[in-house]
Structures are given as C-alpha cells and as structure tokens.
Amino acid sequence: MGGMDSEWQRRRMRLCPTFLLQRWLWLCVCARQWHCRNGNNCRLPLCVRQIWAYLRLMVDSLYYNTLTNSDVVMDSLMEPILWMVDLLTRRFGAVFVCLLVILTTSILLVVYVVMLPVIFDTYSPSWIAWHMSYGHWNLVMIVFHYYKATNTAPGYPPTMKNSIPFVSMCKKCIIPKPARTHHCAICNTCILKMDHHCPWLNNCVGHFNQRYFFCFCVSLTLGCVYCSISGRNLFLDAYSAYSAIESTFQTPPLTFRDEMFHKSVIYMWVLTSVVAVSLGGLTIWHAVLISRGETSIERHLNNKETKRMRKCGKVYKNSFNYGRLNNWKVFLGVEKKSHWLTRVILPSGHVPIGNGLTWDIYPFRKDMMPV
C-alpha cells in the first residue's frame, strides 16, 4: 500500500502546475546552456529542439509581426477588462432592468401622489387638461417603447445555407455576415445592423428594435424634462424650507407629512434632472448618427476608413447614407404623410423597412422623397 501511495503522489506531483513550470524553466535553461557550449543546437534532442523553436516563434511573433501596431497591443491589453465587462453585463442585465423599472415607478408615485394634487389645486382647467393629456401620452410612449425594445429580437442572420450576399465570415459563429452585421460578445451571436448592447434593456439594439430604443430614449428624456420643469418651483420651495431650518439651528418645525412632501419633491427633481441631462446627451448623439445613416459601431469603422482613404487621396462615402430626411424616413418607417402621425407621434409596432440582410432597395424608393 505504501508503494502505491508513493507512486500516486509522484504522478500527482508531475501534474502539478508548479512542477510543470519548474520542468519548463529547467528545459529552457538546459537548452540555452547546451546551445552556448556547442555553438549550435544540432546536437539537442529532437523534442527539445521542437519546443525551443516553438517558444522562439511565439516570442518573435510579438514584435516581428508586420501587422502588429499600437492598436493591436492596446486591444490585447484591454481584452481581460473587456471580457470582465461583458461577463458582468451578461450576469446583471436583469438587475439593470429591474433598477430602471423601480426608479421609473418611484417617479410616477411622486407625480401622482405629491404633484398631481398640487396641480389640481393651483392650475386652471385648461392647464390641468394639458398636463393630464401630455403626461399620460408621454407615459404611454415610455412604457410601450421600453417593452417593445426589451422583448423584440434585434435580428439574427440565417445560419443555414442561402443565396444572400455577405461581406465576411464571423470567426466565432462560423456563419456568413451580411452587410452591417456584427458579433455581440455579450449575446454571443451575430446581430443584424448592430448598434450596441444596452444593459438597461438586457438586449442588443439592432435592426428590428433600434427604433423602439431611440423612441424610448426620446420619450424618457421628454418625460424627465417635463417633470423637472413642472416641479422646479416646488423644488425651490422645499430647498428653501430646509435651508431656513439649517440656518436657524433649530429642530425642524415640520410635520411628518410636510417633511415627506419636501423630500419627495427634491428626490424627483434631482433624479429627473440628472437623467434628462445624461440621457438627453445620448439621445442627441444617436439622432446625429441616424441623420448620417450610421450606427455606433459604423461610426467608429467609418472614421477609420475615412482616415485611410484620405491618405490615399480619396474620399470615403457611406453607402448607407441616403440624405438626412430619407435617413429618418427609413429609420422611422415613414412611407406616406399619415405615417408621421400613426407611426411617430403615436405608438406603433410596425416593422422597419427591409429585412436587415440586404440594403440596396432604399435608393430606389423614389416615392419616399416627397413625403
């Protein structure tokens, strides 16, 4: 039994990473010493020469590769960080969705419980009707577009053999990639007309749900601006009340109801103002991209291609840019004048123009020009 135990321990030691590392270092040192003694490595065993040649090839490839540049080095160094971000985004996607729903619900409670009674007691009937109409339209737009953005698949390229033209092969999915298709590391699949992966949606933003995502951003920004402007005077009154109490160094002469009222107004105004500024900037940026006929990924790729062609004395032109107005018509799915009301102003679940696989149909849609 003792001999079997010792034999098992020796085998276990040979499989230990520390033992393997020591053997590898010993092999490298011995090979180097043998090389120095003999002036060449022709007398080394074949297995040692193969390992030594492989190691030298690996080291030399780091700085002798003609394709290596600063971008490749930085991408390699950032790969572990990007991998960790992708892992956290994939794991906590549902947490971000729940957090957004909770924050939005808390603002609605403040508006309905705190601000709405003040509106009924202060404003005229015409202003009350405007607030009720606009507020509930904005709420319907937010809820509808967020639900559609999270539950609508962004679009995936076909995995079976087909005759659809493609521009490259995905190295991870091992399938043809049509134009404007990119691989999402978080979803681990290719996405048609991929813009980005949104953790607040726990979904990719692609061809079939990009309009829902943008309309949600616009609606939520307008709602936050509306709440911030409507509650500005109440916020100033609540802030002044707390400032006066702190300046007198006395016990707050406020009832529990008044204190909760002031805290709710301050919470609502600060949160909506911060979201309006941050989300408003993101919305404006996406509006600029839509006007140019680009996605977030294509913006980066087009900038690199523009610089590359400028060095060659040429001008790069985005083949998916049909003009600002037509870009918006294609994006919003507007094909006739009535669609500006039924598909833009009002919530609509219509599918976008095209299938996300081919893009040569848009320049020939002459009926889109006079709309």
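Of the 371 residues of the chain in this predicted model, 32% count as buried. The chain has 12 helices and 6 strands. Among contacts with a separation of 6 or more, 63% join residues that lie 24 or more positions apart. The points below treat two of the helices, a helix pair, several individual residues and the cysteines.

**Helix α5**

- Helix α5 covers residues 93–122, which gives it 30 residues. From its first C-alpha to its last, α5 reaches 42 Å, close to the 44 Å expected at 1.5 Å a residue.
- The helix is bent by about 40 degrees at Met115. A proline, Pro117, follows Met115 within four residues.
- Buried residues of α5 include Gly93, Val97, Leu100, Ser106 and Ile107. Val110, Val114, Met115, Leu116 and Ile119 of α5 are buried as well. Met115, the site of the bend, is thus named among the buried positions of the helix.

**Helix α6 and the loop after it**

- Helix α6 spans residues 125–151. Its 27 residues should span 39 Å at 1.5 Å a residue, and the end C-alpha atoms are 39 Å apart, in agreement with that value.
- The buried residues of α6 are Ile128, His131, Asn138, Met141, Ile142, His145, Tyr146 and Ala149. These buried residues pack against α5, β6 (203–205), α7 and α12 (339–345).
- Lys148 also belongs to α6. Lys148 counts as partly exposed, because its relative accessibility is 23%, and the cut-off for buried is under 20%.
- The C-alpha atom of Lys148 is separated by 8.3 Å from that of Phe213, although the two residues are 65 residues apart along the chain.
- Thr152 lies in the loop between α6 and β1 (168–169). With a relative accessibility of 17%, Thr152 counts as buried.
- Leaving aside residues up to four places away in sequence, Thr152 touches Asn203, Phe208, Asn209 and Tyr212.
- A separation of 9.5 Å is found between the C-alpha atoms of Thr152 and Val205, which are 53 residues apart along the chain.

**Packing of α7 against α11**

- Helix α7 (residues 210–230) packs with helix α11 (residues 324–332) at an angle of about 105 degrees, and their axes are 9 Å apart. The angle makes α7 roughly perpendicular to α11.
- On the α7 side, Gln210, Arg211 and Phe214 make the contact. On the α11 side, the contact is made by Trp328, Phe331 and Leu332.

**His262 in helix α9**

- His262 is found in helix α9, which comprises residues 256–292. His262 is buried, since its relative accessible area is 13%.
- Not counting residues up to four places away in sequence, His262 touches Ala238, Ala241, Tyr242 and Leu254.

**Loop residues with positive phi**

- Most residues other than glycine have a negative phi. Two residues of this chain, treated next, have a positive value without being glycine.
- Asn188 has a phi near 60 degrees. Asn188 is found in the loop between β3 (182–184) and β4 (189–191). Asn188 is exposed, with a relative accessible area of 55%.
- Lys193 has a positive phi of about 50 degrees. Lys193 lies in the loop between β4 and β5 (196–198). In contrast to the exposed Asn188, Lys193 counts as buried, at 13% relative accessibility.

**Cysteines**

- The structure holds 0 disulfides. A disulfide is a covalent bond between the sulfur atoms of two cysteines.
- For Cys170, the closest cysteine sulfur is in Cys190, at 3.4 Å. This is too far for a bond, because a disulfide requires sulfur atoms within 2.5 Å.
- Cys170 counts as buried, at 5% relative accessibility.
- Cys98 counts as partly exposed, because its relative accessibility of 45% lies between the limits of 20% for buried and 50% for exposed.

Methods. Residues numbered from 1 in each chain as written. Predicted model: local features only at pLDDT ≥ 70, side-chain atom pairs only at ≥ 80, totals over all residues. Heavy atoms only, no water. Buried < 20%, exposed > 50% of the residue type's maximum accessible area, 1.4 Å probe, protein only. Helix = DSSP H or I, 4+ residues; strand = E, 2+ residues; numbered from the N terminus. Expected span 1.5 Å × (residues − 1). Bend = angle between axes of the 7 residues up to and from the residue. Axes fitted to C-alpha atoms, helices over the stretch in contact; angles between N-to-C directions. Parallel < 35°, antiparallel > 145°, perpendicular 65-115°, else oblique. Contact = heavy atoms within 4.5 Å.
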